[in-house]
Amino acid sequence: MNYARFITARSAVRKTSPIRATADIVSKAPKSLISLAAGTPNANMFPFKSAVITVENGNSIKFGEEMMKEALQYSPSSGLPKLVSWLKQLQIKLHNPPTIHYPPSQGQMDLCVTSGSQDGLCKIFEMLVDPGDNILLNEPAYSATIQALLPLGCNIINVPSDKYGIIPDSLTEILCKWKPEDSKDPKKNTPKFLYTVPNGNNPTGNSLRGDRKKKIYELARKYDFLIIEDDPYYFLQFNKPWEPTFLSMDVDGRVVRADTFSKVLSSGLRVGFLTGPKPLIERILLHIQVSSLHPCTFSQFMVLELLQQWGEEGFLAHVQRVTDFYRSQRDAVLAAADKWLSGLAEWNVPVAGMFLWIKMKGIPDTEQLIKEKALKKEVLMLPGNAFYVDSSAPSPYFRVSFSSVSPEQMDVAFQRLAQLIKENL
Ligand SMILES: Cc1ncc(COP(=O)(O)O)c(C=O)c1O
């Protein structure tokens, strides 16, 4: 892989912040090291002294005075070393990336902790996108990705998809306008990357089938583009076995995967992680060094302590409980939709995540109905156009999140909505 050809001039000139580099040295050094280098504040002057966090099932995480000082202090930009190695082991167990033992310059798997996956995604885009670049994604798409990409001035090419995700033949058709060797000529502007949410896509709830992923990966090899696998709903897959990921197929080192604890541990702690080829993760780290400096140390300690208490098995058992909950929420939202919206609207059954994407029949644009009329009836949802690059185009769809409402509330909401649709036909 020639990583240099993907990286923007802005990202290519990033250099290590000398102050941050000392933080890494201190974190790995023996306690006998006398550091007069870093401008870390004296933790004895911090007013917070200890904490006990109660965890379900009678467990707790105790922050004694010494641990509290560490948890409130600056820490390495890549994440707490123990958390990084725990997460690397997890990725190896779950995805077994072919790149684990590659030489660093040839795309060896690396990992860094980010402040939620959104922070990682934003930094990936900053690293890769120049004005005028072609990039591929399947609309409707996660609106924060669209809003992160648009200001960068790239040309977003929509890849048609259906309920099984991106359609490989449609991607082939799009790519046909280039020749594989065009990727070597910057003037040809071949697509730099494909961005997709492979499981429980936000907003459609659709998941990309494993066999399609294989075909897409082969196209990525042929036309030499990167794959950004944004997978926050990976742990919320309702069916077993879980689909193979792009990371698990990555023989070239062309996949950057964004994971997050937001959906299974806490969204407010802001702990996510990026896994990908070292030359790209290194660029992102240089960006972190001069933006947030590092993800929140206290949050990372909370996650690390919990993961260490649970072990991998305990973590996956927790994930199973969370998935069971969302599956029953999904079943409840489908029951309410069947009861009230049959004949008025249509939808696919989500196999992961927390969203139901509904298409109204006979109403070409849902914006006014959802934003104004439904709100007047005290039902809040998102109109479909929020998930398109051209948000001014009419959309008959709307997104329902089934994460946080009770089955009774879903029933009432869809009853009100059904009435509204009938009034507006
Ligand atoms: C598709 C997708 N990507 C990324 C994120 C960001 O998640 P976080 O930054 O909390 O990890 C979300 C959040 O809803 C999402 O739906």
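These legends go with a set of close-up views of a predicted model.

**View 1. Strand S10 is a mostly covered strand.** Let's start with S10, which runs over residues 255–260 and has six of its six residues buried. Which residues sit on each side? Val 255, Arg 257 and Asp 259 are on one face, while Val 256, Ala 258 and Thr 260 are on the other, and both faces are covered. In a regular strand, side chains take turns between the two faces of the sheet. S10 also has strands to pair with: four bridges join S10 to strand S9 (residues 226–230), and these two run parallel. Look for Ile 227, which stands opposite Val 255 of S10. Strand S11 (residues 272–277) is joined to S10 by four bridges as well, but here the pairing is antiparallel. In that pair, Ala 258 stands opposite Leu 274 in S11.

**View 2. Helix H4 has one buried face.** H4 covers residues 81–95, and its 15 residues should span 21 Å at 1.5 Å a residue; the end C-alpha atoms are indeed 21 Å apart, so the two values agree. Which of its residues are buried? They are Leu 83, Val 84, Trp 86, Leu 87, Leu 90, Gln 91 and His 95. Viewed down the axis of H4, these buried residues fall within an arc of 160 degrees, so they line one face of the helix. In an α-helix there are 3.6 residues a turn, so residues three or four places apart point the same way. The buried residues of H4 pack against S10 from the first view, and also against S11, strand S3 (109–114) and helix H10 (297–341).

**View 3. Asn 96 comes right after H4.** Follow the chain out of H4 and you meet Asn 96, in the loop between H4 and S3. Its phi is near 40 degrees, a positive value in a residue other than glycine. That is worth a second look, because most residues other than glycine have a negative phi. Is Asn 96 buried or exposed? At 51% relative accessibility, Asn 96 counts as exposed, given that the cut-off for exposed is over 50%.

**View 4. Four strands make an open sheet.** The strand order here is S12-S13-S15-S14, with antiparallel pairing. Strand S12 (345–347) and strand S14 (382–383) are the edge strands; each has a single partner strand, so one side of each is left without a neighbour in the sheet. S12 is held to strand S13 (residues 355–360) by three bridges, and the two run antiparallel. Ala 345 stands opposite Met 360 of S13. Helix H10 packs on this sheet, touching S12, S13 and strand S15 (397–401), and its direction makes about 155 degrees with that of S12.

**View 5. A salt bridge sits within helix H5.** The whole structure has 22 salt bridges, and one of them joins Lys 123 to Asp 119, with the closest N and O atoms 2.5 Å apart. Both residues belong to H5 (residues 116–128) and lie four residues apart, about one turn of the helix. Lys 123 and Asp 119 are both buried.

**View 6. A salt-bridge network links separate parts of the chain.** Arg 221 pairs with Asp 252 in a salt bridge whose closest N and O atoms are 2.8 Å apart. Arg 221 lies in helix H8 (residues 210–223) and Asp 252 in the loop between S9 and S10, so this pair ties together parts that are 31 residues apart in sequence. Arg 221 is partly exposed, with a relative accessible area of 37%, whereas Asp 252 counts as buried at 16%. Next, find the salt bridge between Asp 224 and Arg 254, where the closest N and O atoms are 3.0 Å apart. This pair links the loop between H8 and S9, home of Asp 224, to the loop between S9 and S10, home of Arg 254, 30 residues apart. Through shared partners, salt bridges join Arg 5, Arg 221, Asp 224, Asp 252 and Arg 254 into one network. Asp 224 also has a positive phi, near 50 degrees, and is buried, with a relative accessible area of 15%.

**View 7. Two prolines follow cis peptide bonds.** Asn 202 and Pro 203 are joined by a cis peptide bond with omega of about 25 degrees. Pro 203 is in the loop between strand S8 (193–196) and H8. The peptide bond from Lys 240 to Pro 241 is cis too, with omega near -5 degrees, and Pro 241 is in the loop between S9 and S10.

Terms used:
Residues are numbered from 1 along each chain as its sequence is written. This is a predicted model: local features need pLDDT of at least 70, side-chain atom pairs count only at pLDDT 80 or more; totals for chains, interfaces and linings use all residues. Side-chain values use heavy atoms; hydrogens and water are left out. Buried means under 20% relative accessible area, exposed over 50%, partly exposed in between (1.4 Å probe, protein chains only). Two strands pair if DSSP finds at least two bridges between them. The expected span of a helix is 1.5 Å times one less than its number of residues. The arc is that of the directions from the helix axis to the C-beta atoms. Contact means heavy atoms within 4.5 Å. Axes are lines fitted to C-alpha atoms, for helices over the stretch in contact, and angles run from 0 to 180 degrees between N-to-C directions. A salt bridge is a side-chain nitrogen of Lys or Arg within 4 Å of a carboxyl oxygen of Asp or Glu.
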